[in-house]
Amino acid sequence: MQPQSSRFRAVLTGATAFTLAAALAACGSTDGGNKGDSAKAGDGKGAATATGSSSASGASSAPGTSAPASSAPGSPAAGSTSAAPAPAPAAGSGKVLMPTGPQAAFGKARDTAAGQIMMTTLAGPKSGVSGKVWVWLPPEYNDPKYAKTGFPVLTLYAGGQSAGYNTWTDNQLPIQEVDADLAKQGKAHPFIMIMPVQNLDSNEAKALECADIPGQPKIGTWMAEDIPDFVRANFRTVKGRDGWGLMGASTGAFCSAKLALQHPDKFKAAVPIDGYFNPDSPLWKGYEPDRQANSPDLLVAQGKADVRILATAGGANAYEMKLVKAWVAKAAPPLTVEYFEQPGGKHLTTDFKKMIPDTLQWLTKNLAGPQSD
């Protein structure tokens, strides 16, 4: 187990300049030092019916209801059954991947000012794992003008155990509304947002750490294989990895960094917000080689992943800054890691809310936007 103090979380902040903020992705207003920030929102948590070269810089100046889903053009089918996606389609010559089916059944989790968040249970054929997945489609997706357009995909990982919930669906973190507004201004891509659970048990002693821990459910395969297949089966996406990004805070930061480093063929960019990088689940006991193979702290220095990462730290926490800076310094080409720091940043959801625009704009600069043939 790593020291308790290494389990902090941070995030981005700033208006025109990219500076850093610290925030909890899960807790509402607590100053958390623990990795298990397990607060669940009252709205939309499981309420639906569906069962580098390293470039480290200190301060950069740039950068609940159960009603069925709607049947707007391009929307997946509404309903309450689990989803079993088809294999990913073969590559063609165009820029867009049209949905391959079969179409999953979704229930409505909650409404936002930018459209509803849907939910389904994904039964992963490759992993054997079944878990909840929330989906938000940008307003452009169902606009007839974009009927043949593929959209970039952003997968969001929560803080805490995220067993049965995902805090990115919470109205405290209105990333969907912010993205819709920035897209209208031409400042951010209209992203398809995918928000899965990360664990199948709320007990932190059973944390799966987004990995295939021997003898445990293959949640790593579910995240890296089944979820992308599910997305391609149901939605129009950008072909290849260039439109696929990951972001997470706290425990979710660990997941976003690890999955990007392990699967550079699937993901191009990641934003680990206030993360830790050393796997410490008790379930790794007796499987040290496997633990090391799933350690972002080791993967970052291997020089095997051509991906772009933005790692953040909160300026109010000296230990956290030291931890993240040390990780950034290990990055080996072709990996590119940028570091940003929020002066005085604390672990508050209210701080994180302020950082959402900057994270989306950074991802927009580093991922392909909507494509059409």
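Biologist: Which residue follows α1, and what is the sign of its phi?

Modeller: In this predicted model, α1 is followed by G186, and the phi of G186 is positive, near 75°.

Biologist: How should I read the burial of helix α1 itself?

Modeller: As a general idea, an α-helix has 3.6 residues a turn, so residues three or four places apart point the same way. In this structure, helix α1 spans residues 175-184, and seven of its 10 residues are buried, so the helix is largely enclosed by the rest of the structure. The buried residues of α1 are I175, Q176, V178, D179, A180, L182 and A183. For the chain, buried residues make up 58% of the 373 residues.

Biologist: Where is the disulfide, and which parts does the pair tie together?

Modeller: A disulfide is a covalent bond between the sulfur atoms of two cysteines. A search of the whole structure finds one, formed by C210 and C255 with their sulfur atoms 1.9 Å apart. C210 lies in the loop between β10 (192-196) and α2, whereas C255 belongs to helix α3 (residues 251-262), so the pair ties together parts that are 45 residues apart in sequence. The link is right-handed, with 80° about the S-S bond. C210 is buried at a relative accessible area of 1%, and C255 is likewise buried at 1%.

Biologist: Which residues touch the most other members of the largest nonpolar core?

Modeller: Among the 87 residues of that core, they are V135, W222, M247, L261, W327, L360 and L363. Helix α2 (residues 219-234) contributes the largest share of this core, seven residues. Leaving aside residues up to four places away in sequence, L363 touches L154, F191, L246, M247, A269 and V271.

Technical notes: Residues are numbered from 1 along each chain as its sequence is written. This is a predicted model: local features need pLDDT of at least 70, side-chain atom pairs count only at pLDDT 80 or more; totals for chains, interfaces and linings use all residues. Side-chain values use heavy atoms; hydrogens and water are left out. Buried means under 20% relative accessible area, exposed over 50%, partly exposed in between (1.4 Å probe, protein chains only). Helices (H or I, at least four residues) and strands (E, at least two) are DSSP runs, numbered from the N terminus. A nonpolar core is a set of buried Ala, Val, Leu, Ile, Met, Phe, Trp, Tyr and Cys residues joined through side-chain atoms within 4.5 Å. Contact means heavy atoms within 4.5 Å. A disulfide is a pair of cysteine sulfur atoms within 2.5 Å.
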